[in-house]
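Me: Hi! Could you walk me through a structure, starting with the words I'll need?
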Amino acid sequence: MNRHVNAIAGRLSLRPPQRRSLEVLDRIMEITPPGKGADVAAKLATIRGEFPSVTDFERDFPSLCFALATGVGKTRLMGAFISYLHQAHGIDNFFVLAPNLTIYNKLIADFTPNTPKYVFRGIAEFATDAPMVITGDNYEQQNVTGGSFLGTVRINIFNISKINSEVRGGKSPRIKRLSEYIGASYFDYLAGLPDLVLLMDESHRYRASAGIRAINELRPILGLELTATPYVETSKGTLPFKNVIVDYPLGRAMADGFVKEPAVVTRKDFDPKGMSADEIERLKLEDGVRLHEGVKVELETFAREFDKPIVKPFVLVIARDTTHAGQLLALIQSDAFFEGRYKDKVIQVDSSKTGAEEEAMIARLLKVEHAEEPTEIVIHVNMLKEGWDVTNLYTIVPLRAANARVLIEQSIGRGLRLPYGVRTGVTTVDRLNIVAHDRFQEIVDEAKRPGSTIQLQSVVLDMDRIGQKTATMVSQSQLASQLGFKPATPTSSTQVAGQDQPVAFDKPQEQALAQLAYGVIQKLSGDPQTVPTVEHLRKPEVQAAIVQAVEEQRIPAQLELKGLAEEPDIAAVVAKTVDLVACQTIDMPRILVVPKGEVRSGFNPVTLDLAALRYASVSDELWVQHLRTGQLDVVALGRGGVQEARLEDYVVSGLIDFDDISYDDHADLLYDLAGQTVRHFLGYLSEDDTRKVLRCYQQPIAGFIHAQMQKHWFEEAAGYEVKISKGFTELKPSAYSYAVQEPPADYRISPQDKSNMGRYLFGGFQRCLYPVQKFESDAERKLAVILEREAQKWFRPAKGQFQIYYRDGADHREYQPDFVAETDTTIYMLEPKMRKEMQDSVVLAKKEVAVSWCANASAHALSHGGKPWRYLLIPHDAIAENMTLSGLAKQFWTNWR
């Protein structure tokens, strides 16, 4: 494998389909080196010999299509292609074609340094010598013969739709006009370059246009097409591309988790009999908005719980025509529609606009993604086109007639991008909803049709539940509420628990001083030498330092005249704030375990158990079928058809895709494992059949080997040093979704529906450091009853509170204990667990790191007069309300060995 491929894939964090595409390009450059005046027919024959899906370049120069599903990252792949071609082959000149103004502007931004989605971030060479971006708006100002123009990577970005408009009537495009610098057109200059590579974004949009015929005259040495739909629609039907070399369809992207999971939605027991078309339409629209309101709450709850930016979702309503769109707009803006809540939150996109007006209109739609923009419903007639790369479309209500295939393929295309770039594991955050009551079964049947690449989930709305208004309940600590703090970025659906409780400081001036004092205390927590525990805040010298810091930060009230206004007693405010912090905080130090000296990590030698690997020989007939049906990267030719020189290379190539395997550090081990695997298959297959099996099942074979390698992972250091970076940490806020009409339940009473404990919000606590909590089981609720009775204070930690990590295979995951409780003598970390899970490997891995953390925390606390920590892993059936905390501790305390 070319070293540049590995380096670029790592630095740009390429996803597997992007990396496969880069590897295929590397192979193409190896077997058909590029150059001017090459024999195009000979190159096609060579490429077709390894990649049978490429039957024709369809141009006068070698051109290959990389078909990657929407949301996988075609623009980043373009950046990887350019980086590779420059670094590995010295190519400096690139011509990038955009299909419309929206994508044209987006590409310019993405290729410009210091922009949010800069495609070369991580490429060291381009950090010091960024490529020159030349556009269709500024190319005439370029001095192509000047010294500063030489020796630099040049990326030309042009809008093909503008070129199409310029060549109407047989005219020459503006790019062919004479240049004052070199006496020839810029077009002729590009055509004369010996290393021009053409990259075509969304190439299906302009394959047969007059503009692309003019662009063909550039005579590039190579064309690279990128699209999610490798076919064109004609009057004679659908014509697939003949030069597709990598095909990663939408179905694969869904299965691999790179895009949202689409779901078709209907009502429970929906029966359209007796309903008019207008009534069905109104019902779908209203249910779509009800669903949207629930999604909005779940997105905010997730963002607050995991400390992510809040995503504002919106609904896309697809109308029949502009008249219908206007009627829908009037309905949604009326007081009768959800009490007029969406009157100012809906926009109509006029699909009668064309050309530049249409492009400008779609560009404005990008504002819908901004949280501060109020729009939550967009009414549109035609399916929105490429370039509208929003990530916050969560509900689609199609109200125009279309067959099931069109509804599936066109409706979901614009809503598949994930707001956080990856799936979160939270269904609502990862799902795109298509409301289709009357077409539900038809769409489900179409998705199940043999040959369909899209698998849809089904969502049935329970009107008893969806009719309930929900909101996000922010449960910040009692301390934060007492000091008058409010959650950041509140929305219309944000509720704050405990707001009815009195604040500690009635006067606004004193509350402001208390908040300043709290900020100073948080900074002091980062100085464990001075303030190793929260009790050390009570020392006179520490409080004096806090008072001084508050006085320096304090801003006197406006128009306050010295001697006339009452001067606040800053020392008294600080003393009261310190007392509140000490009473409402549990000493949770921030612990860092740092290795001493040189650290070595990796895998020890492994003798593989390969008995379960008994793949049958792949027949030639099946081999051809895989290629013909486009499943090349699914089960056949796992690396996009790349032919490896040695059988072992297939195994090694699959293994180095894992994040914890470095080829440079593990090359000998990898080839040893690959040798064991090859010998295993050669034991019952011929060499030719072994090659086919290794190509066909490369990914599952690599995964099988990688799983066995995990038991042989090692990390060695001369020793480890425990460092305390904070003496104590503030309590993080939690967030929960809840039904507004259901007040918090009494924690002392077991709910009737114990199978759905996660829906209940519990309150009524006296010793909990938060006003409300949620429990995942009734055993957790019972443990809360015990803690309320016997602990001084307790709480359930929010995400990120402890920053304790355990190893789970190749990953390091965060462990968050279920409860923390402080008594007169001890601080407990408690983990209730189903008895059958007590010996689970993940549970034991969490236990090991938690016990180690408690040992380090105890050592720190005891050296400063604090309390020791103990970890309790408790089986669920051992928890009863008549149990005592000390009794549970005697049975289940795990001491550090």
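Reply: Sure! Two strands pair if DSSP finds at least two bridges between them. Strands (E, at least two residues) and helices (H or I, at least four) are DSSP runs, numbered from the N terminus.

Me: Anything to know about the model itself?
Reply: This is a predicted model, where local features need pLDDT of at least 70, side-chain atom pairs count only at pLDDT 80 or more, and totals for chains, interfaces and linings use all residues. Residues are numbered from 1 along each chain as its sequence is written, and side-chain values use heavy atoms, with hydrogens and water left out.

Me: Ok, in what sense do β17 and β18 pair?
Reply: Parallel: β17 (residues 470-475) and β18 are joined over three bridges. Thr 472 has Thr 494 of β18 as its bridge partner.

Me: And what's the strand order in their sheet?
Reply: The order is β18-β17-β23, in an open sheet of three strands with mixed pairing. β18 (494-496) and β23 (734-739) are at the edges with a single partner strand each, so one side of each has no neighbour in the sheet.

Me: Which helix packs on the sheet?
Reply: Helix α11 (residues 277-305), which touches β17, β18 and β23 (contact means heavy atoms within 4.5 Å).

Me: New topic: at what angle do α23 and α26 pack?
Reply: About 65°, with axes 8 Å apart, for α23 (residues 647-655) and α26 (residues 698-709). Axes are lines fitted to C-alpha atoms, for helices over the stretch in contact, and angles run from 0 to 180 degrees between N-to-C directions.

Me: Who makes that contact?
Reply: Among the residues are Tyr 650 and Leu 655 of α23, and Ile 705 and Met 709 of α26.
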